[in-house]
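Me: I'd like to learn how to read helix packing and domain contacts in a model. Could you walk me through it?
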Amino acid sequence: MIRLYHSPLMRSVRIYWLLEELGIPYQLETIEFGKLQSPAYRRTHPMGKVPAIRDGDLTMFESGAILEYILERYGNGRLEAARGSADRGTFLQWIHFAEASAFPPIADVAAHSFFRPEADRIPAVVEDGKARATIILAMIEEWLANRQYLMGAEFTAADIMMGITMLGAKWYDLLTDAHPSSLAYVQRLEDRPALQKALS
Ligand SMILES: N[C@@H](CCC(=O)N[C@@H](CS)C(=O)NCC(=O)O)C(=O)O
């Protein structure tokens, strides 16, 4: 059975949410954020980050990679675009964009506005993060203007990857009245029982 290493409200929510959507059995190992750097947990994730999973002999980290692995091994084609299709390209684009391009500016704003001790916060990093986030959020807003979900009418795992990024944007006040389609999209995601459980 998959064991998921998770801290509340962190990127491990993606995998918790995915497991709930797929209805596959798993064990949840919740670790306080402040204990992620303990030597014990760093034997599972050498950088002391979440998510990580164990599945039989496999130990792995990186939310996007874990999500792809779980879909491939346990998804039976659910929540993903068909392999080899053109839609597959778009699906993979959003999976990777979520963490590689969209999350970093949001994380910079969050770290230097909320998480770091006040003395370590650099206002210029916040300004730069906001400027980069503005470009990204405008682009997503345009994409969502005529779509319910990233891939169109159907909810997929791309919405799980990007959904947590977009929730981060909402939590850190980067989503505003200038983003009505994105706010409606985030609300649609927040209405899903599987996300509600993963956030509880
Ligand atoms: N790219 C990684 C990022 C993982 C990551 O940075 N997780 C944060 C929580 S959202 C963490 O564990 N931080 C703990 C720390 O840096 O001490 C992924 O998507 O899995």
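**Helix packing and domain contact**

Reply: Happily! In this predicted model, Val 13, Arg 14, Trp 17 and Leu 18 in H1 meet Ala 157, Ile 160, Met 161 and Ile 164 in H6; contact requires C-beta atoms, placed from the backbone, within 7 Å. These contact residues comprise 7 nonpolar, no polar and 1 charged, where Ala, Val, Leu, Ile, Met, Phe, Trp, Tyr, Cys and Pro count as nonpolar, Asp, Glu, Lys and Arg as charged, and the others, Gly among them, as polar. Residues are numbered from 1 along each chain as its sequence is written. Local features need pLDDT of at least 70, side-chain atom pairs count only at pLDDT 80 or more, and totals for chains, interfaces and linings use all residues.

Me: At what angle do H1 and H6 pack?

Reply: Two packed helices are described by the angle between their axes and the distance between the axes. Here H1 (residues 13–22) and H6 (residues 157–171) pack at about 150 degrees, with axes 9 Å apart. H1 is therefore roughly antiparallel to H6, a label for angles over 145 degrees on a scale from 0 to 180 degrees between N-to-C directions.

Me: Which domains is the chain divided into?

Reply: Domain bounds come from an automatic or database domain assignment. In this chain they give domain 1 (2–74) and domain 2 (86–192). Their contact takes 10 residues from domain 1 and 7 residues from domain 2.

Me: Which helix gives the most to the side of domain 1 that touches domain 2?

Reply: That is H3, with 5 residues. This side of domain 1 divides into 5 nonpolar, 2 polar and 3 charged residues.

How values were computed:
Helices (H or I, at least four residues) and strands (E, at least two) are DSSP runs, numbered from the N terminus. Angles under 35 degrees count as roughly parallel, over 145 as roughly antiparallel, 65 to 115 as roughly perpendicular and the rest as oblique. Two residues are in contact if their C-beta atoms, placed from the backbone, lie within 7 Å.
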